[in-house]
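Biologist: I am new to this structure and would like to be led through how its parts pack together. Could we take it in questions and answers?

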Amino acid sequence: SMVFQRFGLFPHKTVLENVGYGLEVQGQKPEDRNKTAMEKIEAVGLTGFEHQYPNQLSGGMRKRAALARAMVLEPKILLCDEPVAGLDPTTAAEIDDLLLTINNESSTTLVIVTHDLLSIERINGNLLMLDDGHILFQGSRDEALQSKDPKVYSFFHPGNISDD
C-alpha cells in the first residue's frame, strides 16, 4: 500500500468511505467494510471524524486518514512518500510514532521517502540515499552522521562544511 505526500484522498468521499475504498473494490459487504474501516480509523486516532470530508480535516488528520486507508488491506509493505511534509513538528512526531507503532504491531515493512532530519532520527531505521539513480549511502543514521562523503555530510549537517 502507499501513503501519498498529498494524501490521495477522494474529496467527494468521507473518511469512512475513503478508508473503506480498497475493501469496496475487493467486493466486501458494506457492513463488513465499515467495521474494518472503523477499526483503522480508531487506530489512527480519527474516531468521531469518520463522516467528515477531506476538506474538513487538518493536514495531520488527512495524513492519518490516508494512513488508515493504506493499512485497511493489511499490506506487508507500506510505501510512504514524505509522510510528515508540511506538518507542524508536533503532528510530524505523532505521525512518525504512528508509523513505528504500525511497524511494531503488524510487522509491516515501512519504506519511507523523506528529507526530514527529525523524522529520520525518530524512525532510526536502515537508510538508503540515492544520487542520480545510484546508491550514494546505505547504513544506519549514526553511520550517515559520520560519513565523509560530501553529499551525505551536507545532507546531515546542512550549512556546515566537512573538515575533509
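Modeller: This is a predicted model, and a good place to begin is the pair H1 and H2, whose axes lie 9 Å apart and which pack at an angle of about 120 degrees.

Biologist: Is H1 parallel or oblique to H2?

Modeller: The angle between H1 and H2 is about 120 degrees. Roughly perpendicular covers 65 to 115 degrees and roughly antiparallel begins over 145, so an angle that falls outside these ranges makes H1 to H2 oblique.

Biologist: Which residues of H1 make the contact with H2?

Modeller: On the H2 side, the contact is made by Arg 33, Asn 34, Thr 36, Ala 37, Met 38, Lys 40 and Ile 41. The residues of H1 that meet them are Val 15, Leu 16, Val 19, Gly 20, Leu 23 and Glu 24.

Biologist: Are H1 and H3 roughly parallel or roughly antiparallel to each other?

Modeller: The axes of H1, which runs over residues 15-25, and of H3 come within 7 Å and cross at roughly 30 degrees, and the crossing is right-handed. Val 15, Asn 18 and Val 19 of H1 make the contact with Ala 65, Ala 68 and Arg 69 of H3. Angles under 35 degrees count as roughly parallel, and H1 and H3 are therefore roughly parallel.

Biologist: What should the 18 residues of helix H4 span, and what distance separates its end C-alpha atoms?

Modeller: Helix H4 covers residues 89-106, and at 1.5 Å a residue its expected span is 26 Å. The expected span agrees with the distance between the end C-alpha atoms, which is 26 Å.

Biologist: Which helices and strands do the buried residues of H4 pack against?

Modeller: The buried residues of H4 are Thr 91, Ala 92, Ala 93, Ile 95, Asp 96, Leu 98, Leu 99 and Ile 102. The elements against which they pack are helix H2, helix H3, strand S2, strand S3 and helix H5.

Biologist: Is Thr 108 buried or exposed?

Modeller: Thr 108 is found in the loop between H4 and S3, and its side chain is joined to that of Ser 106 by a polar contact of 2.7 Å. Leaving aside neighbours within four places in sequence, Thr 108 is in contact with Met 71, Pro 75, Lys 76, Ile 77, Leu 78, Ile 102 and Asn 103. Its relative accessibility is 2%, and because a residue under 20% counts as buried, Thr 108 is buried.

How values were computed
Residues are numbered from 1 along each chain as its sequence is written. This is a predicted model: local features need pLDDT of at least 70, side-chain atom pairs count only at pLDDT 80 or more; totals for chains, interfaces and linings use all residues. Side-chain values use heavy atoms; hydrogens and water are left out. Helices (H or I, at least four residues) and strands (E, at least two) are DSSP runs, numbered from the N terminus. The expected span of a helix is 1.5 Å times one less than its number of residues. Buried means under 20% relative accessible area, exposed over 50%, partly exposed in between (1.4 Å probe, protein chains only). Contact means heavy atoms within 4.5 Å. Axes are lines fitted to C-alpha atoms, for helices over the stretch in contact, and angles run from 0 to 180 degrees between N-to-C directions. A crossing is left-handed if the near helix is turned anticlockwise from the far one by less than a right angle, and right-handed if clockwise. A polar contact is a pair of N or O atoms within 3.5 Å; within protein, one must be able to donate a hydrogen and the other to accept it, and residues adjacent in sequence count only if both atoms are side-chain atoms.
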